[in-house]
Amino acid sequence: MLLNRIVTVCLFALISLSSYADGNVIVSKAWVKATVPGQPVGAAYMRLQSDIDTKLVAVENDASDKTEMHSMTMNDGVMQMRALENIALVAGKQTKLEPGGLHLMLLSLKKPLQVGESVTFTLHFKNGNGSENTTRITVPIQTSYTE
Ligand SMILES: [Cu+2]
């Protein structure tokens with residue numbers, strides 16, 4: 001009985017250990033904002049969480065030629081967007097990309113972003129321990145975020 005329990009505990013520790021240090025990034029609540037006709041750029045939002053310190057260093061998508069990481073801040077009553085070199089993720093902490101804040105900017109759209117369609121993103125991460133990760137996600141196009 002006791003031995004059984006020890007084995008179970010060890011197994012559990014092994015499982016949680018192996019799922020811990022792999023540097024996988026969990027992407028949740030991702031959506032791309034639908035564009036209006038003639039709009040040349042789009043924006044994508046999501047939540048990112050990693051089990052180790054990492055940085056989002058590059059992004060590609062299949063709906064536009066270029067993807068930039070942007071921040072949005074209010075300066076003297078004017079909203080300003082700034083291109084970022086990377087977005088740092090702290091281990092175990094969720095980073096929100098949301099309207100009015102951090103976002104992915106889709107530059108030079110190949111076609112309008114229409115509700116019901118989706119955009120595939122490739123996210124490149126450079127981890128604090130020197131390793132690299134790539135995550136590919138397919139994200140729905142919506143007019144706003146819905147649970
Ligand atoms: Cu932007």
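Trainee: What does the secondary structure of the chain come to, in helices and strands?
Mentor: Keep in mind that this is a predicted model: local features need pLDDT of at least 70, side-chain atom pairs count only at pLDDT 80 or more, and totals for chains, interfaces and linings use all residues. Residues are numbered from 1 along each chain as its sequence is written. Helices (H or I, at least four residues) and strands (E, at least two) are DSSP runs, numbered from the N terminus. From that end the elements go α-β-β-β-β-β-β-β-β-β-β, and the tally is one helix and 10 strands.

Trainee: What is the mean pLDDT of the chain?
Mentor: pLDDT is the predictor's confidence in each residue, from 0 to 100. In this chain 84% of the residues reach 70 or more, and the mean is 88.

Trainee: Over which residues is the pLDDT below 50, then?
Mentor: Look for a stretch that has two contacts in the model beyond near neighbours in sequence. A contact here means two C-beta atoms, placed from the backbone, that lie within 7 Å. The stretch is residues 11-21.

Trainee: Which strand is joined to β4 by seven bridges?
Mentor: Two strands pair if DSSP finds at least two bridges between them. Strand β4 covers residues 64-75, and six bridges tie it to β8 (residues 103-109), antiparallel, with Met69 opposite Leu104. On the seven-bridge pairing, also antiparallel, Met72 stands opposite Met81. That partner, residues 78-84, is β5.

Trainee: Which residue in the turn between β4 and β5 has a positive phi?
Mentor: These two strands form a hairpin, with two residues between them. The phi in question is about 50°, and the residue is Asp76.

Trainee: How many bridges join β9 to β10?
Mentor: Start on the other pairing of β9 (residues 118-127): seven bridges link it to β3 (residues 54-61), antiparallel, and Glu60 has Thr122 as its bridge partner. With β10 (residues 132-142) the sense is antiparallel too, and Phe125 is partnered by Asn133. The bridges between β9 and β10 number nine.

Trainee: Which residue in the turn between β9 and β10 has a positive phi?
Mentor: This is a hairpin with four residues between its strands. The phi is about 95°, and it belongs to Gly130.

Trainee: What percentage of the chain do buried residues make up?
Mentor: A residue is buried if 20 or more other C-beta atoms lie within 10 Å of its own, exposed if 12 or fewer, and partly exposed in between, with C-beta atoms placed from the backbone. Of the 147 residues in the chain, the buried share is 20%.
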